[in-house]
Amino acid sequence: MQTVKVKAYYKGLMYKNGRYVKMLNEGKYWVWGNTEIVPYDETKIYVAPADINVLMQDTALSAATTLVEVRDNERGIVFENGLYKQLLQPGKYVLWNSVVKYEIVKIDLDNVYINASLSRAVLSRPEIAHYLRVFTIEPFEKGLLYINGKFEKELGAGTYYFWKNDIQVAVNKVDIRLQQIEVNGQEILTKDKAVLRINFYARYRVTDITTAITNSKDMQSQLYTLLQLALREYVGGYTLDELLEKKNEIAAAILDTIKDKCLRLGLAPEDCGLKDIILPGDMKDIMNQVLIAEKRAQANTITRREETASTRSLLNTAKLMEENQMLFRLKEMEYVEKIAEKINGISVSGSGDLISQLSKIFVPGKDTNK
């Protein structure tokens with residue numbers, strides 16, 4: 001016979017000749033040599049022994065414990081007094097009811113959706129993260145959730161968790177910020193068969209993500225084609241000269257043409273614009289020659305206008321001098337002064353006033369023989 005002590009916060013299971021007898025509480029016990037007492041810490045979770053079904057027939061043991069079974073398609077998350085403790089793999093587990101308050105949350109791995117009661121801190125633990133699929137949608141994005149290829153719902157910004165299993169889970173994300181598309185190097189015939197190369201751009205937003213992803217395979221390619229066709233239609237309706245005159249109206253016309261079609265793609269065009277109109281080399285030379293000729297013609301017109309004004313001014317002056325003898329004499333003296341500036345000296349002799357003698361010198365007299 002020997003003495004066996006069951007410590008505080010422990011339970012002892014008594015076996016006699018390998019057969020379960022009863023559960024022992026804290027205390028000292030005298031046992032025979034063919035008797036074994038197996039101690040169990042009440043603060044720990046134990047994997048159920050092989051004879052658990054026999055043990056549970058003991059009403060005292062059954063009342064003191066909780067038997068938890070985790071199936072093959074499940075995992076068990078253990079919370080001890082409200083705090084995460086551990087993850088249980090498939091199997092049977094014994095939990096003591098006396099000291100610690102346990103809560104078991106089972107994970108159904110046949111389902112992709114996660115129990116809403118599980119916090120992100122719990123899900124981020126390495127042993128649990130192993131069973132997760134994580135999708136992050138940035139604040140400037142929206143996403144579409146597909147389960148086994150079937151559309152489920154639209155997702156806003158945030159982090160989304162799904163259990164990892166044989167079910168296919170996909171999230172298609174789209175940037176909802178303002179975006180720009182370039183349509184460069186488009187060679188287009190005008191109405192008068194001139195070949196132009198046009199560079200164009202458009203800015204847009206994705207406003208209906210479901211339509212943008214579901215109704216078109218590649219929304220940017222669709223938008224590119226819409227812009228391309230609208231440009232060809234508009235440019236082909238005008239001659240080169242008409243198009244150059246209306247180049248500031250092209251953007252507004254293209255925007256108006258594609259707006260309704262873009263809405264059917266889930267897009268909203270913000271604005272667009274013409275970056276360049278590039279003419280072929282020979283066309284550039286011709287346009288330059290036309291420009292030079294126009295400028296020369298304008299210069300000639302201005303010159304003729306100035307000459308006409310000058311002649312008209314001289315005519316008006318002549319009429320005034322003819323009507324006013326004093327004005328004629330003043331103008332005569334003005335010219336004499338200008339001529340005298342170029343002469344070093346003048347000798348005057350004879351009778352008569354000085355002005356008359358100077359006038360005879362510089363102004364030819366009338367031929368009296370005529």
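**View 1. A hairpin built from strand 2 and strand 3, with 2 residues between them.** In the turn sits N17, whose phi is positive at about 55 degrees. This is a predicted model, in which local features need pLDDT of at least 70 and side-chain atom pairs count only at pLDDT 80 or more, while totals for chains, interfaces and linings use all residues. Residues are numbered from 1 along each chain as its sequence is written, and side-chain values use heavy atoms, with hydrogens and water left out. Strand 2 covers residues 10-16 and strand 3 covers residues 19-24; the two pair in the antiparallel sense over 5 bridges. Pairing here calls for at least two bridges found by DSSP between the strands. To see one of the bridges, look at G12, whose partner in strand 3 is L24. Strands are DSSP runs of E with at least two residues, helices are runs of H or I with at least four, and both are numbered from the N terminus.

**View 2. An open sheet of 3 strands, in the order 14-13-16.** The pairing is antiparallel. Strand 14 (150-155) and strand 16 (169-175) are the edge strands: each has a single partner strand, so one side of each lacks a neighbour in the sheet. From one strand to the next the twist averages 25 degrees, taken between N-to-C directions on a scale from 0 to 180 degrees, with axes as lines fitted to C-alpha atoms (for helices, over the stretch in contact). Strand 13 (residues 141-147) pairs with strand 16 in the antiparallel sense over 7 bridges. Zoom in on K142 and you'll find its bridge partner in strand 16, V174.

**View 3. Two loop residues, N148 and K193, each with a positive phi.** Most residues other than glycine have a negative phi, so these two are worth a close-up. N148 lies in the loop between strand 13 and strand 14, and its phi is near 50 degrees. With a relative accessible area of 49%, N148 is partly exposed. K193 has a phi near 70 degrees and lies in the loop between strand 17 (179-189) and strand 18 (195-206). K193 is exposed, at 62% relative accessible area. For the cut-offs, buried is under 20% relative accessible area, exposed is over 50%, and partly exposed is in between (1.4 Å probe, protein chains only).

**View 4. C262 and C272, two cysteines in no disulfide.** A search of the whole structure turns up 0 disulfides, a disulfide being a pair of cysteine sulfur atoms within 2.5 Å. For C262, the nearest cysteine sulfur is that of C272, 9.3 Å away. C262 is buried, with a relative accessible area of 1%. C272 counts as buried too, at 11% relative accessibility.

**View 5. The whole protein, with 11 helices and 19 strands.** Of its 370 residues, 32% count as buried. The accessible surface comes to about 24100 Å², and carbon and sulfur atoms hold 50% of it; areas come from the Shrake-Rupley method with a 1.4 Å probe, and for residues only the protein chains shown count as cover. Among contacts with a separation of 6 or more, 64% join residues 24 or more positions apart, where contact means heavy atoms within 4.5 Å. The average pLDDT (the predictor's confidence in each residue, from 0 to 100) is 84, and 84% of the residues score at least 70. Over residues 366-370 the pLDDT drops below 50, and this stretch has 0 contacts in the model beyond near neighbours in sequence.
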